[in-house]
Amino acid sequence: MRAIVQLWLLPCRQMPLLGVLAHLLWLAALACLAWIRPHADGAALGAGLVAMGSWFWHMGLGAALRGACQPENFLLPGFRRRLAGLGLADAAVWVGVPAALALALGVPHAMLGASLLLLAAAMGFAMGVERWISLLFWPLLVLAGWMPGLVGAIVHDALGSPLTLPLLLLTAVLLLRLALHPMLQITDRPPDASPLEGLSLGRSTAADTATRRSALGRRFEGWFDAIAQRALALALMRYREEPSAARRRALVRRLLLPHDNAAALVLRIAIMAVFAALYVVVAMHRQHFNATVVGAYAVLMALARFPQIGRGMQRMRPNLADLYLTLAPTTRTQYQQMLASALLVLVPIGTLTALAYTALGIVLTRADQPGLMLLVTLIVATGGGLVALGVHLVGPQGTVGRQLVNAAVLAGTMATYWGGAWLVDALGYLFGGGLLALITLGFGLGVWFASQREYLQREPCFDAPLA
């Protein structure tokens, strides 16, 4: 019993806010069901609350158990039996107790509500274990927003159909099967990914995290890895032909940033274009909104690459010792300068990515001011990239500190973007854009040169980071 309690508390320790919020929703749902008259109205409100809390809780529970189900943990005595006990206790709390209370109060459609609660729990758990499962429900959400009348008619007819209950139970069982099969499967640990890779496909770079990916994700990763291998081989061949400083820097860049080359950038933009086109065509064809938001979102996506610099360089310390011995620099400043110059390429890559995403958004949304969006994105993405690279290169080593710094950088960049859009719209492309470039790029270059100067003064560190 103690092991089951520890497994139950696992998501609460990792995500305390989620645990508190989910269980408060559970208590609020039971209170609505017991005290609101008539009980049918209380049950409707309580079912929504407990379904929301159950979905959040089981997403966290699935993510926590995915990390706990390491191959070596299955050697523990009765580990699978303890997991089964946790599942039964969890189902009793989140489904059994509300259903029993609803049946005791004579609430209509109580068993149907219990099956919906089970489906919500299974859905959240499956999404926590296998994130790609959320894509299965995306068409349903699109349909609900696109044709709400049809969805309402389907729900009305489903309430009176005897097949609804078994179909809901079958769907919940299938979702649990999709989540539990890979989680309980004992396989060899996949090769460690590069701490500075730029895939953003769900491949974890943490050494102690069990990563399970979908077939589509593995296919994408195979493409990017093949491109990275060819780019590294080409850089090595060019360096052997002519061992210049520029080609040595390019070779170091291919080692540190395997997925930040021209071919990988084109493939990444093409994949994003496919998904963005599907979303806009299917989900947003009737909606009207400020198209300038697309540029802001593109800048945010470009800046999402930089927080990985601080984490990745910290994790790569032991491996960087081999790079230091291979380069054999005459001074430590020369070595630090080599790393900083190699990482600086992320700024133009981020700017090109933001411009490509903005151009794609302009085409899909038929924006009224494409020139304004591209100009502001160009300036803000460049300045924001310089600031983000500088602060993450020399910023805090702790996780909380990095998160606070990243939040400050994102907030400042978004404020600059919207202020720049207003400035260019008010003063024109020449004066407004020039003033925005003077302020933004001046500040970005100042932060980068100051950060680079601080980084060059530091001694190279090759110690493994503390856990």
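Is Ala328 buried or exposed? I shall begin with that residue and then widen the view. The structure before us is a predicted model. In that model Ala328 is exposed, because its relative accessible area is 54%, and the cut-off for that class is over 50%. The residue sits in the loop that links helix H14, residues 317-327, to helix H15, residues 332-343. Its backbone also deserves a remark: the phi angle of Ala328 is near 50°, a positive value in a residue other than glycine.

Let me now turn to the chain as a whole. The protein chain contains 18 helices and 0 strands. Of its 467 residues, 41% are buried. The accessible surface amounts to about 24700 Å², and carbon and sulfur atoms account for 69% of that surface. If we take the contacts between residues at least 6 apart in sequence, 78% of them join residues at least 24 apart.

With that background, I shall discuss how some of the helices pack, beginning with helix H13. This helix covers residues 307-315, and it packs against helix H18, residues 399-457, at an angle of about 15°, with the two axes 11 Å apart. H13 is therefore roughly parallel to H18, since angles under 35 degrees fall in that class. The crossing of these two helices is right-handed. On the H13 side, the contact is formed by Pro307, Gly310, Arg311, Met313 and Gln314, and on the H18 side by Arg402, Asn406 and Tyr455. Sorted by class, the residues of this contact comprise 3 nonpolar, 3 polar and 2 charged.

One member of that contact merits a closer look. Asn406 belongs to helix H18. Is Asn406 buried or exposed? Asn406 is buried, because its relative accessible area is 18% and the limit for a buried residue is under 20%. Setting aside residues up to four places away in sequence, Asn406 touches Pro307 and His392.

Helix H13 has a further partner in H14. The axes of H13 and H14 come within 5 Å and cross at roughly 70°. H13 is therefore roughly perpendicular to H14, as angles from 65 to 115 degrees are classed in that way. Here Met313, Gln314 and Arg315 of H13 meet Arg317, Pro318, Asn319 and Leu320 of H14. These residues divide into 3 nonpolar, 2 polar and 2 charged. Met313 and Gln314 appear in the contact of H13 with H18 and also in the contact with H14.

Next, I turn to helices H16 and H17. How do they run with respect to one another, roughly parallel or roughly antiparallel? Helix H16, residues 346-365, and helix H17, residues 370-394, pack at about 155°, and their axes are 9 Å apart. H16 is therefore roughly antiparallel to H17, given that angles over 145 degrees are placed in that class. This crossing is right-handed. From H16 the contributors include Val347, Thr351, Ala354 and Leu355, while those from H17 include Met373, Leu374, Thr377 and Leu378. By class, the contact has 12 nonpolar and 5 polar residues, and no charged ones.

Finally, I shall present three residues whose partners are distant in sequence.

The first topic is Pro71, in the loop between helix H3, residues 39-68, and helix H4, residues 79-104. With a relative accessibility of 28%, Pro71 counts as partly exposed. Pro71 and Gln185 are separated by 114 residues in sequence, yet their C-alpha atoms are 8.2 Å apart. Leaving out residues up to four places away in sequence, Pro71 touches Ile186 and Thr187.

Then there is Leu105, located in the loop between H4 and helix H5, residues 110-129. Leu105 is partly exposed, at a relative accessible area of 30%. From Leu105 to Ala40 there are 65 residues in sequence and 9.1 Å in space, C-alpha to C-alpha. Again not counting residues up to four places away, Leu105 touches Leu33, Ala34 and His39.

The last residue is Leu169, which lies in helix H8, residues 164-183. At 35% relative accessibility, Leu169 is likewise partly exposed. Leu169 and Leu119 stand 50 residues apart in sequence, with 7.1 Å between their C-alpha atoms. Which residues does Leu169 touch, not counting those up to four places away in sequence? They are Ser115 and Leu118.

That concludes my presentation.

How values were computed: Residues numbered from 1 in each chain as written. Predicted model: local features only at pLDDT ≥ 70, side-chain atom pairs only at ≥ 80, totals over all residues. Heavy atoms only, no water. Axes fitted to C-alpha atoms, helices over the stretch in contact; angles between N-to-C directions. Helix = DSSP H or I, 4+ residues; strand = E, 2+ residues; numbered from the N terminus. Left-handed = near helix turned anticlockwise from the far one by under 90°. Contact = heavy atoms within 4.5 Å. Nonpolar A, V, L, I, M, F, W, Y, C, P; charged D, E, K, R; others polar. Buried < 20%, exposed > 50% of the residue type's maximum accessible area, 1.4 Å probe, protein only. Areas by Shrake-Rupley, 256 points an atom, 1.4 Å probe, with all protein chains shown as cover.
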